[in-house]
Protein chains: 2
Amino acid sequence: MGKSETFQDLALMPPGEGQELGRWLYSELRAAILDGRLKPGSRMPSTRGLSKQYALARGTVAVAFDQLKSEGYVEATVGAGTFVATRIPDDTVAVQSVSAGPAMEPSKAGLASRGRATVDGVRLLPASHSLGIAFRSYEPAIDLFPVSLWSRVAGRVLRNAPRALYGQGDARGYLPLRKAIAEYIGAARGVRCDADQIIVTAGAQQGLDLMARMLLDPGDAVWMEDPGYPGAVFAFRAAGAKVVAVPVDRHGVVVDEARKLRPEARVAYVTPANQFPLGVTMAPHRRAELLDWAAGRNAWIIEDEYDAEYRYSGPPVPSLQSLDRSGCVIYMGTFTKMLFNSLRLGFIVLPQRIVEPFMAARTVLDRHPPTLDQAVLADFIMDGHFGHHVRRMRQVYARRSAALCDASSELAGCLDVVQPVSGMRTLGWVKTQEPDSQVAARARSLGLEVAALSDFTQRHAHPGALVLGFAGCSTAELKRGVEVLAGAFQAGTSAVHQGA
Amino acid sequence: MGKSETFQDLALMPPGEGQELGRWLYSELRAAILDGRLKPGSRMPSTRGLSKQYALARGTVAVAFDQLKSEGYVEATVGAGTFVATRIPDDTVAVQSVSAGPAMEPSKAGLASRGRATVDGVRLLPASHSLGIAFRSYEPAIDLFPVSLWSRVAGRVLRNAPRALYGQGDARGYLPLRKAIAEYIGAARGVRCDADQIIVTAGAQQGLDLMARMLLDPGDAVWMEDPGYPGAVFAFRAAGAKVVAVPVDRHGVVVDEARKLRPEARVAYVTPANQFPLGVTMAPHRRAELLDWAAGRNAWIIEDEYDAEYRYSGPPVPSLQSLDRSGCVIYMGTFTKMLFNSLRLGFIVLPQRIVEPFMAARTVLDRHPPTLDQAVLADFIMDGHFGHHVRRMRQVYARRSAALCDASSELAGCLDVVQPVSGMRTLGWVKTQEPDSQVAARARSLGLEVAALSDFTQRHAHPGALVLGFAGCSTAELKRGVEVLAGAFQAGTSAVHQGA
C-alpha cells in the first residue's frame, strides 16, 4: 500500500465549528490509528500532504505529530519519516478483553474466593480516547472545561505551596479544601457540617468502598435502589453484604417495600435528588419514612449526590442530610461530575461520632489524598471559579438536553425521550417490541455509547428504556447521535421483518 | 498582653544557612501559632516590627502573612490589624485525638465488627506542618525537592494535555507512565515486566490493600517479617488474614522458621533489599528458599521495595522478582519515597495471569488514579529529571547519614548508631538499661520524631533500638537532633538515679 493510498483511506471527519485545528488533527489521526485505518508499522501520511489537503499550517500538523509521538502512537526515524508504532498504546483493547477474554481458571490464578467475588461481573468504564461520543453518560462537558484557567491556578499553587504540602498529609484531606467544601455544600445543598466531618476521597467510588468496609459485616443487608448505581452494588458485594433490591416508583425508593423485605438492614443507599438512573426526585413523605426507619433501627443512610447542582425546572430540592436529626445520614458528593473525571476527588460527610475510625480506615486504604491536587481544587473553589463553572454548565446542559429532546422527534414511535428536570442524562422509553438491551447493543455496534435501563436492574423490571447522556456532547454531536440511533431502530425493524 | 510583649515571647529560631527568609518566617510564625506561643484571637506582631527586628524586607513579611492568611492561621480586619485565627486549622490536634481521645463505644457508633477490627491499633502518621524534624523516617529530602522544576513540567503537561486525559482513565493507570516505570525498574532493579503488568496505585499502601483483598480470604495465613512494616500488617488484618510473625536474622527473614510455623500460608510479605526496620539485605540462600516454597505451594510473595535505589556501599542487590521463574512474586514500589509523600503514586507489578481481575478490583476500590498527576510524573521521568533526582539524593543521603554517624559519637555509651548501607533511616542500638520505647517517648517529648524498634515488633524481641531517619533532615538538623537526644538520655539517667 502506497503512501497516498493509506492517506486516502483515512477519510478524516472535518473539524467541528470553532474546533482548534491541531487538536482536531491529533484526535482524528489517533482515532485512525486506534480503529486500524492506520496500521501498526505503516508509514504516516506526510505533514506536507496533510497540510495541503486540509489547508493547515505546517506548524499545526507538526504539533499534532509531536503529541502522537510523545504518547507513543507514532515513531519517527531520522531521514526515514514517521511510522505508526508497532505496539499501539491503546488501553481500550486490554480493557475490552476483561469482559471478552477467556474465562480465568480461578484455582490456577491463585486468587482468594473473596477476591474472585469482588470482581465478579464488574464492568469497567472504558478509558476516554475521545470526547463527545453520544450518549456517554458518565462524563461532564469536558470539551468546555476551562483547561487554561485550571492550569493557571495549578501553576500558581504548585509554585507557591509551602514545602510541608509536599510531605505527609492529613488522612481526611487538605483542610482548606474541606473548609471550602463545607461552605459550598452548606450553601448549595443545605448540608450541615464542619470541615472536620469531611473526608476527601478518591472520587465517589472510594467513598462507597470505605463505607462498605466500615459499616457492613459479611451477610449484613443493605437496601439498594433497583434499578440503581452499579458502582454501589459492587462496593457492597465486595464487602460481602447482602444487597436487597428495593423497587423505585415515581416518588423514589419504596420504603414500605424495603421494610417488608429486610427491616433489619444496616444501610440504605439512595440518590434522592436525581434517582440513578430513573431520574425521579424522592418525595417528602418517602424522605420522612426513610429517616424514621434509620433512626429507629440505628441504621445508616448513604445519600449519594452526584449531579444535584444541575436542576433545570421546579423548586430546588434540599439534601436528605439537611433533614436528618439523628445523625444517621452520610452525605457523599464528587467533583468528577462537576469538573472532570480524571481529577478523582470526591468527599463524604460523616456524623461526628464516626469520623475518627474512618480516618484510621482511610490510612489503611491509601493514607491520604494527593495534597497538591486538593490545594489546586481548594483555590479553584475559593477564587469563585467553581461556582462560576457550575452555573455556566447548568445553562449549557439545559441547552444540550433541549437539543436532544428536539432532535428526538425524529425517533417518534421508536423512542420517547424524557425531558429531564435535572442531571446529566435522561431516559428514552423504547416504543418498539425489542428488548432495550438489544437496541442498546445495536446502537453500540454503530459507535454510540448507550446503556439499557435493564443493565441497571436487578429484580424489578421496568418497560425498556435507553439511558442517554447529554451533558458531555455538543448539540451537533447529539443530533448526529440521534440520527445514528434512528438507523439502529430501522435496522432493528428490518431485522424483525426478516426474522418474521 | 501588649503587642510587643507577645512578640518578645515568640523567640523565633534564626533562619538556617541559605534558607529563604519568607519561608523561614512563615514556618516560624506557624509553629508559634501551633504550639500556643501565639494564642488564638491574639494580635499578630506587626509587619513593621518583624521586618525591623529580623532585618527583613517588608515585602518578605507580607508574603509570609499572606500565606498564613490563605491557610486560615491568621485573619486580617481592615484597619484593625492581623489576628491569630480563633479556630486554628491544625490537623495535628485532631490526629492526636485518634489515639489519645476517649474510647468510642462500638455498639453506639454503629460500625461493623470488621470496621472496628480494621482500625484497631492503627497509628496515623501526623500531617507535616514542618519539615526536617529529626529523626522523621517516612519523608525524603523534601527540602531539596526541585519544586520549581516540577511546577514547570506540570504547567506544560496541564496546558498541552489532550482533553481526553480529563475524561475517564484506564483502571491500571496512564499508559505512558506505566511504560516509563517498566523501563526504569527494568534497568534499575532488574524487574522483568511489560507496561500492561503494572497497576499504578495511590502509593504503596493502596497496593497492599488491593493485594490483601484479592489474595487473602479471612483466616488465611500470611508470613510477615517481625519486626516489620505496620502498613502491611494493617492491610492484612483488615482483610481478616492471620498474620504470622516470622523472625528476621542477619540474612533476612528466616524461611525455615516460617515453614515450621505455617507452611500453608498464602502470602509472604518481604522487604529483601532493605529489611524494614532492621536494614538487613536478604541473603541469596534465603531468596532461593523463599522462591522454592512459594513455587511449591502456589503461594504469593509480595516484594516491597521502598528505597532500594539508595545504596551507599556494597554491590547492588537485584530484586527478588528478577529471580522468580514461576511468576509468584508481586513487586511493589512507590514514588512517595523517591519524590515526595503527598504525590500518592506507587505501583505494583503483577504476573500476567492476574492482571485482569486486579484491574476490575481497582475499579471497585476507586476507579483509577488521577490522570494528570500521572502525566506529570511520566514526563518528569521521561525527561530524565527523575533519574537525576535519585542520583542527587543518593549523594545527599550518603552525606546526611555520615553526618548522623559522626555526630552520634557524642552518644557513646548510650546509643550505638549503625552506619547504613542503604535506605533513608538507620538503627541506633540502646546501650543503657532503659527500654527503647521509654527512650523514644522521652525523645518525642523533647520535640524529636523517633520510633522504637519494639514499636515494630510482634513476637520476636530484639535488643532495644531507636529508628532514626536521616534522609529528610539537613546535617544541621541532624546534629541538633543528636544533641537533643543526648539530653534525653541524660534525663533518663537522672530519672533512674532519682528512682534508685
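In this predicted model, strand E4 (residues 221–226) of chain A sits largely enclosed by the rest of the structure, because six of its six residues are buried. The side chains split between two directions: A:Ala221, A:Trp223 and A:Glu225 point one way from E4(A), while A:Val222, A:Met224 and A:Asp226 point the other way, and all are buried.

E4(A) also has strand partners. One of them is strand E5 (residues 242–249) of chain A, which pairs with E4(A) in the parallel sense over six bridges. Along this pairing, A:Asp226 stands opposite A:Pro247 in E5(A). To get from E4(A) to E5(A), the chain passes through helix H11 (residues 230–238) of chain A, and this β-α-β crossover is right-handed. Strand E7 (residues 267–270) of chain A is joined to E4(A) by three bridges, and the two run parallel. Here A:Val222 is found opposite A:Val267 in E7(A).

For the layout of a whole sheet, chain B can be looked at. Eight strands of chain B make up an open sheet with mixed pairing, in the order E3-E10-E9-E8-E7-E4-E5-E6. Strand E3 (198–201) and strand E6 (252–253) of chain B are at the edges with a single partner strand each, so one side of each has no neighbour in the sheet. Elsewhere in the sheet, strand E8 (residues 300–304) and strand E9 (residues 329–334) of chain B pair in the parallel sense over four bridges, with B:Glu303 opposite B:Tyr331 in E9(B).

Among the helices, H2 (residues 21–34) of chain A offers a simple check on length. Its 14 residues should span 20 Å at 1.5 Å a residue, and the end C-alpha atoms are indeed 20 Å apart, so the two values agree. The buried residues of H2(A) include A:Trp24, A:Leu25, A:Tyr26 and A:Leu29, but also A:Glu28 and A:Arg30.

Turning to the nonpolar side chains, the largest nonpolar core has 147 residues, and A:Leu339 and B:Leu339 have the most contacts inside it. Leaving aside residues up to four places away in sequence, A:Leu339 touches A:Pro140, A:Phe145, A:Trp150, A:Leu377, A:Phe380, A:Phe386 and A:His389.

Finally, there is the matter of how the two chains are arranged. Chain A superposes on chain B (RMSD 0.1 Å) after a rotation of 180° with 0.0 Å of shift along its axis, which is the relation of a two-fold axis. In chain A, the C-alpha nearest the axis belongs to A:Gly155, 2.8 Å from it. Both copies use the same surface, as 100% of the contact residues of chain A recur in chain B.

Note on methods: Residues are numbered from 1 along each chain as its sequence is written. Chains are lettered from A and ligands numbered from 1 in the order in which they are written. This is a predicted model: local features need pLDDT of at least 70, side-chain atom pairs count only at pLDDT 80 or more; totals for chains, interfaces and linings use all residues. Side-chain values use heavy atoms; hydrogens and water are left out. A nonpolar core is a set of buried Ala, Val, Leu, Ile, Met, Phe, Trp, Tyr and Cys residues joined through side-chain atoms within 4.5 Å. Buried means under 20% relative accessible area, exposed over 50%, partly exposed in between (1.4 Å probe, protein chains only). Contact means heavy atoms within 4.5 Å. Copies are superposed by least squares on the C-alpha atoms of residues with pLDDT of at least 70 in both. Two strands pair if DSSP finds at least two bridges between them. A crossover is right-handed if, with the strands pointing away from the viewer, the path from the first strand over the helix to the second runs clockwise. The expected span of a helix is 1.5 Å times one less than its number of residues.
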